[in-house]
Amino acid sequence: KSHFYTMILAQSLPCILCFLYLEIIVRPRKFGMYILFKPQLQSSLAQFTFFVQQLLTTAVYLSFIPFAANRFVAVKFPERYLVV
């Protein structure tokens, strides 16, 4: 398998995890489907979910850097770029 496939896999995992986290944890909490968040709005559980959401979003943003570097090298130095 090529290195490009590895980069695609490395980028898709944070995206999939972020999507699942938002659909399973954050969205039901927003619409009040979880009783765990009802007693206290500023509970440590709510702070933890916000932290995990920010962590996953940052991972998604940082996963674009290898693609940008790969495309930059391919355009800037085409003679040195290896095609596997």
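I take a residue as buried when its relative accessible area is under 20%. By that cut-off I looked up Gln11 first, and at 14% relative accessibility Gln11 counts as buried. I note at the outset that the model is predicted.

**Entry: overall layout**

I read the secondary structure of the chain and got 3 helices and 0 strands. From the N terminus on, the elements run α-α-α. I then checked burial for the chain: of its 84 residues, 21% count as buried. I also looked at how contacts are spread along the sequence. Among contacts in the chain with a separation of 6 or more, 63% come from residues 24 or more positions apart.

**Entry: annotated spans**

I looked up the UniProt record, an unreviewed entry, which places the feature "transmembrane region" at residues 6-24 and 45-69. I went through both spans in the model. Residues 6-24 are 100% helix and 0% strand, and the C-alpha atoms at the ends of this span lie 27 Å apart. For residues 45-69 I found 96% helix and 0% strand, with 37 Å between the end C-alpha atoms.

**Entry: Gln11**

I placed Gln11 in helix α1, which covers residues 3-30. What does Gln11 touch, not counting residues up to four places away in sequence? I listed Ser63, Phe64 and Phe67. Phe64 also appears in my entry on helices α2 and α3, as one of the α3 residues that meet α2.

**Entry: Tyr21**

Tyr21 is found in helix α1. Is Tyr21 buried or exposed? I recorded 13% relative accessibility for Tyr21, so this residue counts as buried. Leaving aside neighbours within four places in sequence, I found Tyr21 in contact with Val26, Phe48, Thr49, Phe50, Val52, Gln53 and Leu56. I took the C-alpha distance for one of these contacts: Tyr21 and Leu56 are separated by 8.7 Å, and they are 35 residues apart along the chain.

**Entry: Gln53**

I followed the contact list of Tyr21 to Gln53, which lies in helix α2. At 24% relative accessibility, Gln53 counts as partly exposed. With neighbours within four places in sequence left aside, the contacts of Gln53 are Tyr21, Leu22 and Val26. I noted the C-alpha separation from Leu22 as 7.6 Å, for two residues 31 places apart along the chain. Val26 is in contact with Gln53, and I had already listed Val26 as a contact of Tyr21.

**Entry: helices α2 and α3**

I looked at helix α2 (residues 44-62) and helix α3 (residues 64-76), whose axes come within 5 Å and cross at roughly 5°. Angles under 35 degrees count as roughly parallel, so α2 is roughly parallel to α3. Which residues meet between α2 and α3? On the α2 side I listed Val60, Tyr61 and Leu62, and on the α3 side Phe64, Ile65 and Pro66. By class, this contact has 6 nonpolar, no polar and no charged residues.

**Entry: cysteines**

I checked for disulfides. A disulfide is a covalent bond between the sulfur atoms of two cysteines. I applied the cut-off of 2.5 Å between cysteine sulfur atoms, and the count came to 0 disulfides. Why does Cys15 form no such bond? The closest cysteine sulfur to that of Cys15 belongs to Cys18 and is 7.5 Å away, which is too far for a bond. I ran the search from Cys18 as well, and its closest cysteine sulfur is in Cys15, at 7.5 Å, again too far. I also looked up how accessible each cysteine is. Cys15 counts as partly exposed because its relative accessibility is 32%, whereas Cys18, at 11%, counts as buried.

Conventions:
Residues numbered from 1 in each chain as written. Predicted model: local features only at pLDDT ≥ 70, side-chain atom pairs only at ≥ 80, totals over all residues. Heavy atoms only, no water. UniProt positions renumbered as here; feature names shortened; annotations may be inferred. Helix = DSSP H or I, 4+ residues; strand = E, 2+ residues; numbered from the N terminus. Buried < 20%, exposed > 50% of the residue type's maximum accessible area, 1.4 Å probe, protein only. Axes fitted to C-alpha atoms, helices over the stretch in contact; angles between N-to-C directions. Parallel < 35°, antiparallel > 145°, perpendicular 65-115°, else oblique. Contact = heavy atoms within 4.5 Å. Nonpolar A, V, L, I, M, F, W, Y, C, P; charged D, E, K, R; others polar.
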